[in-house]
Amino acid sequence: MPLRLYNTLSGEKELFVPREPGKVGMYVCGVTVYDYCHIGHARAGIVFDMIYRYLLHSGYGVTYVRNYTDIDDKIINRANREGTDYRAVADRYIAAFDEDMERLGLKKPTVEPKATDHIADIIGIVQSLIDKGHAYEAGGDVYFAVESFPSYLKLSKRNLEDMLAGARVEVGEKKKHPMDFALWKSSKPEEPWWESPWGRGRPGWHIECSAMSMRFLGPSFDIHGGGKDLVFPHHENEIAQSEGANCCRFVTYWMHNGFVNINSEKMSKSLGNFFTIRDVLQLFDPETLRFFILSAHYRSPLDYSDQNLLEARSGLTRIHEALANLDVVLAAPAGDVVPPSAAELAEKAATLADRFREAMDDDFNTAQALGCVFDTVRTLNRTLAESAMPDAATREVLAVLRGAIDDIGEVLGLFRQSSASWLAAREAEKAQGLTVSAEEIERLIAERAEARKNKNFARSDEIRDYLLSKNVQLLDTPGGTTWQVK
RNA sequence: GGCGACGUAGCCAAGUGGUAAGGCAGAGGUCUGCAAAACCUUUAUUCAGCGGUUCAAAUCCGCUCGUCGCCUCCA
């Protein structure tokens, strides 16, 4: 089944047909670097990383561009507040962004351009828009004339009249139409500036994305993505600028991820109800956050809460435990037991890759894809429970299954480290608050073993209850007693 | 006010015309000296409500209610 994806422009799922067979040009709006990133940024980053990985996995040659907007009012304001240079602020948060994204396991895009490295391109486009009658200069500023572009608002499906009715529109500016937006802003004193045909100034917001996408992907390319909140005005304005300047279709497929909510309300800077990626990674490991984000379809709203993250961690733990057990069996030699569930397991192993692909081909349905994984894990657990040393044929099926899960993990950016070490890391985290030493626990386990041998179950249970009160859970196995932090 | 999205079990979440995936939590069972852990089984005659189209609807259409988003910087 071929890939279908939801296109914001048409409002429908469409068959994905790249402009050039086998190749994909994809541009995703990165961040304006004036502060630490919050979970909303994490979601956008992870979602498009997953899409990038899946396109690569599907055999496409992908040119993936994700920009940094490093010149903007908010950056300048912050620099002024701190008494530093805008460059210092931008560089600091670029570094922070890179660090956060790396921790979340994002693959590096093909190119990560910065707006300030493309000022000449920006000026060129602005000039071209003026030449074509789509823009005009007014007192050192340059504005895009929205009325010169008839299909303006085609992405957000509105019209100028509706936008004006009841909207907050500042009057008295140099704009000819209230909806006109700035392509170039003359610089005030104390502000960074570049020379331009209209005097010293700096780019407006939106134009940098037109410039950078054009530079690296050409005037027309396949996929443009970003958060839902960018549909208007950012992407709408990009379309107007790019199509106005190049006179050809800018983007074929527009993709937008849904918001992260807090108590069903959008998380945002202006509402002040946001958590930074750093905050969350204090409490949860990066893979849990990534798993949580991919457990919902990318266009659905996603409610963030500790409770939901804890549930995600439980689910992820279930998968890792199964994989860790699988790895143990694969490391051991084959036995001669044919587990009763062998045939069912063989069927699941053989179809897993196809079921995964089917889910992903349907507009990157990662929630369903993870459902396929869990479904397989259930059968896997049964087989593993039936025999710790299955026969050679079953062992081979297990190896195939392991390979399929590795492939899935590569696409979703999950299960990248060994399950045993992931589980050990979680145990270590929990052990931080422990008030009994490992030596003490081992001593008590030995004492309890002795008591059990003598059928002194009172003492045995006393030890177990005591350790449990210290958050230490004893695990009796045929091979002896181990423990874990509760 | 204009435009748009969503409403599936206690919770999270797939499913967009053919008779409700999966996870968490819960309940039974296997195992155990008893437990725990693990594993197995199980949990929605029903998809906000009301009408309509259809042989067939959670899925399409209309209305009502509720929640949220965009219209201003925002992933």
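In what order do the 4 strands of the open sheet stand? Here are a few notes to help you find your way around this predicted model.

1. Let's start with the sheet. Its order is β4-β3-β9-β10, the sheet is open, and the pairing is parallel. The edge positions belong to β4 (61-69) and β10 (251-257); each has a single partner strand, so one side of each has no neighbour in the sheet. On average, neighbouring strands here are turned by 20° against each other, direction ignored.

2. Now look at one pair within that sheet. Strand β3, residues 23-32, pairs with β4 in the parallel sense over 8 bridges. If you would like a landmark, take T32, whose bridge partner in β4 is T69.

3. Next, find the helix that goes with these strands. Helix α1 (residues 39-57) lies across β3, β4, β9 (221-227) and β10. Its direction is at about 170° to β3.

4. Further along the chain, a pair of helices is worth a visit. Helix α11 (residues 342-361) packs with helix α12 (residues 366-386) at an angle of about 170°, and their axes are 9 Å apart. Angles over 145 degrees count as roughly antiparallel, and that is why α11 is described as roughly antiparallel to α12.

5. Finally, which residues meet where these two helices touch? From α11 come E344, L345, K348, L352, R355, F356, A359 and M360. On the α12 side they meet T366, Q368, A369, C372, D375, T376, T379, L380, R382 and T383. Sorted by class, the contact of α11 with α12 has 8 nonpolar, 5 polar and 5 charged residues.

Terms used:
Residues numbered from 1 in each chain as written. Chains lettered and ligands numbered in written order. Predicted model: local features only at pLDDT ≥ 70, side-chain atom pairs only at ≥ 80, totals over all residues. Heavy atoms only, no water. Pairing = 2+ DSSP bridges. Axes fitted to C-alpha atoms, helices over the stretch in contact; angles between N-to-C directions. Contact = heavy atoms within 4.5 Å. Parallel < 35°, antiparallel > 145°, perpendicular 65-115°, else oblique. Nonpolar A, V, L, I, M, F, W, Y, C, P; charged D, E, K, R; others polar.
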